[in-house]
Amino acid sequence: MLSIAIPIAFALVGTAFTLTLWRLLIGPSVPDRILALDTLAVNAIALLVLFGIAQDSAVYFEAAILIALMGFVGTVALCKYLLRGDIIE
Amino acid sequence: MNLLLCVITPFLGAALVAAVARLGTWQAAAAAAGVTLAAGAWLAPLVGGTFQGTTLIERYTWMPREGLDLTFRLDGFGLLFALMILGIGLLVILYARWYFSPQDRLGRFYTGMMLFMGSMLGVVLSENLIQLLIFWELTSLSSFLLISYWQQRTEARQGARMALTVTGMGGLALLGGILLLGQITGSYDLSVVLAAGDQVRAHPLYLPTLLLILLGAFTKSAQFPFHFWLPNAMAAPTPVSAYLHSATMVKAGVFLLARLFPTLSGTPEWTWIVSLTGLTTLLIGAVFALFKHDLKGLLAYSTISHLGLITLLFGLGTPLAALAGVFHIINHATFKASLFMAAGIIDHETGTRDMRRINGMWGVMPYTATLAMVAAAAMAGVPLFNGFLSKEMFFTETLGTVAQLRFGWLLPLTAIVAGIFAVAYSLRFIHDVFFNGAPIDLPRTPHEPSRWMRLPVEVLVALCLLVGMLPALTVEPLLAIAARGVLQGPLPPHSIAIWHGFTPALWMSLIALTGGVLVYEGRRPLFALAARLEGRLEARRPYDWLVAGVFGVARWVTVRLDLASLQRMLFLFVLSALALGMAGFWSAPMPLTGAGPLLPFDPVSLLVALGLAACTASVVVLHRSRLIALILLGAVGLIVSLIFAKFSAPDLALTQLSVEVVTIVLLLLALYFLPQSTPAESSRPRQVRDLLLALAAGGGNAALAWAVLTRPAESIADWFLTHSLPGGGGANVVNVILVDFRGFDTLGEITVLALAGLGIYAMLDGLRLPAPAADAQGRAWDPDAHPLIMASLVRLLLPLALLVAVYILLRGHQLPGGGFIAGLVTAVALIMQYLANGVAWTRARLPANLHPLIAAGLLIATMTGLGSLALGYPFLTSSFVHFHWALVGDFELASAMAFDLGVYLVVVGATLLILIHLGLVHDLSRPPAEEPR
């Protein structure tokens with residue numbers, strides 16, 4: 001079952017990854033790009049988890065957890081920068 | 001063990017003195033004296049053996065493969081110097097307590113002095129020559145700190161710099177000489193070198209060896225033409241001069257001459273170079289001393305002259321001359337130290353050192369005057385004082401050359417002339433200061449100094465008298481063992497007595513005394529002549545030219561090499577790298593693809609790699625819009641960490657992810673003050689040129705990587721993989737390398753990180769920059785500084801993130817993780833609080849001062865290393881034990897985990913320190929109208 005599901009999942013996440021990347025590159029506004037970066041982090045988590053399942057290894061989940069934990073910090077900092085300029089005040 | 005402890009005690013004591021000095025001046029002086037006495041106490045049990053003629057050698061293995069051991073040596077000569085260093089040091093400590101004014105920071109002086117004392121003891125007690133050189137350089141460095149004690153004075157800084165430059169260059173030459181000596185004899189041990197005299201003197205490299213070593217000795221002992229640094233070093237406080245410039249530092253040069261006397265002396269080269277240098281210095285010093293109006297200037301030139309005398313004695317090369325040289329070292333140390341102290345008292349009491357203004361002090365301080373007179377009489381060589389005895393021996397030795405050389409009579413003649421001037425300047429020191437009419441316009445009203453300030457002078461003057469009148473009872477035994485240590489053989493027959501009958505030397509002494517009085521009587525025309533020549537005969541002029549020349553050459557080279565344009569420098573750099581790389585490809589033609597197996601290929605990896613390439617390319621295209629470039633860089637970092645994870649480097653992936661976040665925060669903090677876009681720097685044709693070059697260089701790199709990766713290669717990874725668990729007790733090779741195999745590197749890295757953090761903190765302190773009042777499009781900033789939802793969510797996140805960090809830290813030794821990553825995760829979690837809840841909120845809940853955190857981290861890491869040293873293993877050796885704990889199961893506890901904890905703390909502390917203080921600059925810079933809400 002997994003041998004069918006995993007390639008399909010990879011294909012779907014890969015598509016999402018490509019589209020997100022496209023949005024990141026073309027923008028046009030800065031919030032577009034920030035949102036794209038945040039979505040890219042979600043895609044990265046998906047890729048890592050899928051890869052971990054495919055390899056039957058838990059090592060990759062660590063990196064996925066860390067992205068989940070900290071991936072949004074960059075987004076928050078960038079948003080705060082847009083809103084306030086000063087991010088630590 | 002005693003010698004090592006004796007040398008190391010002052011170094012350790014320096015820290016103690018610095019700490020105690022905060023309590024008060026008396027405490028500082030007592031601590032310094034205690035350290036000195038402790039160093040002496042280690043030496044005390046060995047004195048008896050040394051007097052019986054044994055040479056004690058202590059050896060500790062240090063770097064055996066390099067022939068470098070920590071080796072100490074105590075013989076009579078070393079003991080003499082050690083006694084002078086400790087004894088006069090003790091007197092100077094007492095003297096300095098009264099000399100410095102309450103505004104001066106006494107702790108700094110005593111700390112510097114302890115460092116100097118340890119270095120000097122190291123020089124005189126070293127058996128290994130390389131080790132001697134290390135301590136030799138340490139004396140230069142610590143004397144730099146002491147001479148520049150009054151940092152606010154220009155002449156103190158200049159004098160210190162000059163002394164360091166001259167003696168430092170000499171030290172470099174000495175290193176060369178010692179290395180040659182080691183090549184010739186095959187050992188750096190003094191015992192071997194001293195026994196190999198014939199071999200050294202017959203060797204073709206003898207002359208360069210001799211010249212290099214002499215350069216070191218002459219610069220240190222202020223011999224002509226390097227003497228000029230000593231008068232300029234008189235900008236030092238007088239206790240420093242009394243210690244360094246009479247008894248210790250300047251004597252290091254003649255110490256070296258004496259130490260290597262059996263190896264190097266006895267050749268015509270030695271005799272000519274050393275004795276001519278000594279003779280010239282003797283004469284020039286004596287003549288110049290008379291014309292110095294500055295009290296300490298006179299003493300400085302007199303010191304130069306006496307050092308010349310000692311050098312000349314060693315240059316003559318006879319055993320008796322060497323004995324006289326050792327004797328004069330002792331005598332000069334006693335009377336010159338007391339004279340410096342007396343000069344310091346006069347300076348202290350009158351507020352000036354100009355002898356044209358200080359007159360008639362006899363009426364004010366008769367007691368000090370008497371002491372100074374005794375010391376000055378010893379300096380002049382008046383009978384019944386110690387200087388007379390060694391000077392008479394000196395005169396006798398100069399007469400020995402008359403029959404040997406064609407112009408041999410020049411030597412005693414010059415000696416008499418120098419003797420005449422010595423008497424004249426000694427007379428001037430007494431007459432001009434204590435008599436000669438009334439004082440002129442003194443800044444202070446002088447009176448007798450405190451009893452304690454006079455005590456050290458009294459002790460030294462008493463020694464001058466005792467040695468002068470009862471030489472056989474006082475100095476003879478010490479002199480005998482010291483001279484035996486110098487000669488490394490039996491002593492020549494000699495007699496030290498006041499009365500030898502009407503010998504030629506006695507007549508020479510009498511001529512010098514009478515002539516000196518006459519010269520001083522007729523001083524007025526001489527002073528007028530000197531005033532006209534003032535400044536023309538300055539030996540520091542060539543030095544200044546030399547320094548200016550060196551700076552000129554350096555500037556010339558810099559201007560030629562530095563194009564002052566990053567674009568052009570980078571262009572040249574990449575171009576030359578490309579040329580070298582292509583030369584490599586062409587010189588050995590071979591197929592690009594090697595025989596190694598290729599990894600399997602999958603579409604997802606290709607997609608990710610293409611994404612990476614696309615993001616990187618867009619950074620280049622969009623780099624002028626800085627915020628967008630930063631967002632794209634974030635994406636690049638994310639994808640790179642995906643690639644790390646894919647290619648089995650989870651540690652790298654975790655590190656990359658954490659670093660990425662910190663980098664974005666850091667750059668955003670900086671971007672606040674910077675323009676939002678980069679101006680165009682290059683023209684279109686230049687951009688095309690640079691693009692082509694970049695493509696060529698990048699393509700070359702890719703080809704190289706391809707060529708290397710497709711070849712089967714034996715890497716060092718296998719060794720680490722097999723040794724990680726049995727050797728380091730950890731299954732995670734990356735972490736074991738960091739904390740165990742390469743633990744010393746890591747210790748260095750976290751030290752650098754801590755220093756960088758502190759450096760940034762210091763530079764940001766009080767910084768205010770113009771801050772933008774609105775964003776790039778001119779819109780006003782959002783009034784809501786800390787949106788409630790974000791603030792609340794981030795607070796909830798903190799314990800979770802800390803849990804992850806602790807988890808990563810603890811299991812780092814076995815599975816991906818470790819101190820670096822855990823530290824970064826913690827730092828990010830805490831930064832998040834600052835970001836979402838504000839500085840004020842977070843500071844109220846977290847310790848604001850991060851310096852103790854960094855210090856604790858460094859301390860833990862270092863102590864872990866030292867712990868293994870204490871158990872008898874090399875520094876940072878890791879040890880681990882296997883545990884079984886109910887419920888938890890099997891686990892291993894390694895000392896490397898404590899080290900990792902240190903790494904963790906430093907990373908957290910330094911990262912937070914940098915980011916938060918950069919953030920605080922924002923608050924300082926914010927216009928007052930728009931206070932953060």
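## Contacts and ground rules

Two residues are in contact when heavy atoms of theirs lie within 4.5 Å. Take chain B with that in mind: among its contacts with a separation of 6 or more, 78% link residues that are 24 or more positions apart.

This is a predicted model, in which local features need pLDDT of at least 70 and side-chain atom pairs count only at pLDDT 80 or more, while totals for chains, interfaces and linings use all residues. Residues are numbered from 1 along each chain as its sequence is written, chains are lettered from A and ligands numbered from 1 in the order in which they are written, and side-chain values use heavy atoms, with hydrogens and water left out.

## Chain B as a whole

Let's start with the overall picture. Chain B has 38 helices and four strands; both are DSSP runs numbered from the N terminus, with helices being H or I runs of at least four residues and strands E runs of at least two. Taken along the principal axes, the C-alpha atoms of chain B fill a box of roughly 110 × 70 × 70 Å.

How much of chain B is buried? Of its 933 residues, 50% are. Here, buried means under 20% relative accessible area, exposed means over 50%, and partly exposed is in between (1.4 Å probe, protein chains only). The accessible surface of chain B is about 41600 Å², and carbon and sulfur atoms own 71% of that. Such areas come from the Shrake-Rupley method with a 1.4 Å probe, and for residues only the protein chains shown count as cover.

As for charge, chain B carries 52 positive and 47 negative side chains, and the centres of the two sets are 9 Å apart. Lys and Arg count as positive, Asp and Glu as negative, and His and the chain ends are not counted. Each charge is placed at NZ of Lys, CZ of Arg, CG of Asp or CD of Glu.

## Where the two chains meet

Now for the meeting of chains A and B. The contact draws on 41 residues from chain A and 62 residues from chain B. Together the two chains bury about 4700 Å², and 80% of this is on carbon and sulfur atoms. Three residues, A:Y81, A:R84 and A:I88, supply 17% of the area that chain A buries against chain B, more than any other three residues. Buried area is the accessible area (1.4 Å probe) that two parts lose on being put together, summed over both.

## Cysteines

How many disulfides turn up in the whole structure? The search finds zero over all chains, where a disulfide is a pair of cysteine sulfur atoms within 2.5 Å. Take A:C79: the nearest cysteine sulfur belongs to B:C615 and is 18 Å away. A:C79 is partly exposed, at 33% relative accessibility, whereas B:C6 is buried at 0%.

## Three helix residues in chain B

Is B:P10 buried or exposed? B:P10 counts as buried because its relative accessibility is 0%. This proline is in helix α1 (residues 2-20). Beyond its neighbours within four places in sequence, B:P10 contacts B:V35, B:A39, B:M114, B:M117, B:G118 and B:L121. From C-alpha to C-alpha, B:P10 and B:D75 are 21 Å apart, with their positions 65 residues apart in sequence.

Further along, B:H917 belongs to helix α38 (residues 895-925). B:H917 is buried too, with a relative accessible area of 16%. Not counting residues up to four places away in sequence, B:H917 touches B:Y761, B:L764, B:R843 and B:L912.

B:E749 lies in helix α33 (residues 743-764) and is partly exposed, at 43%. B:E749 and B:V903 are 154 residues apart along the chain, yet their C-alpha atoms are separated by 9.3 Å.

## Backbone oddities in the loops

Two cis peptide bonds are worth finding. One joins A:G27 and A:P28, with omega about 0°, and A:P28 is in the loop between α1 (2-26) and α2 (30-55) of chain A. Another joins B:F224 and B:P225, again with omega about 0°; B:P225 sits in the loop between α9 (206-220) and α10 (229-232) of chain B.

Then look at phi. A:D56 is not a glycine, but its phi is positive, near 55°. A:D56 is in the loop between α2 and α3 (59-84) of chain A and counts as exposed because its relative accessibility is 72%. B:Q488, also not a glycine, has a positive phi of about 55°. B:Q488 lies in the loop between α22 (476-487) and α23 (504-521) of chain B, and is partly exposed at 38%.
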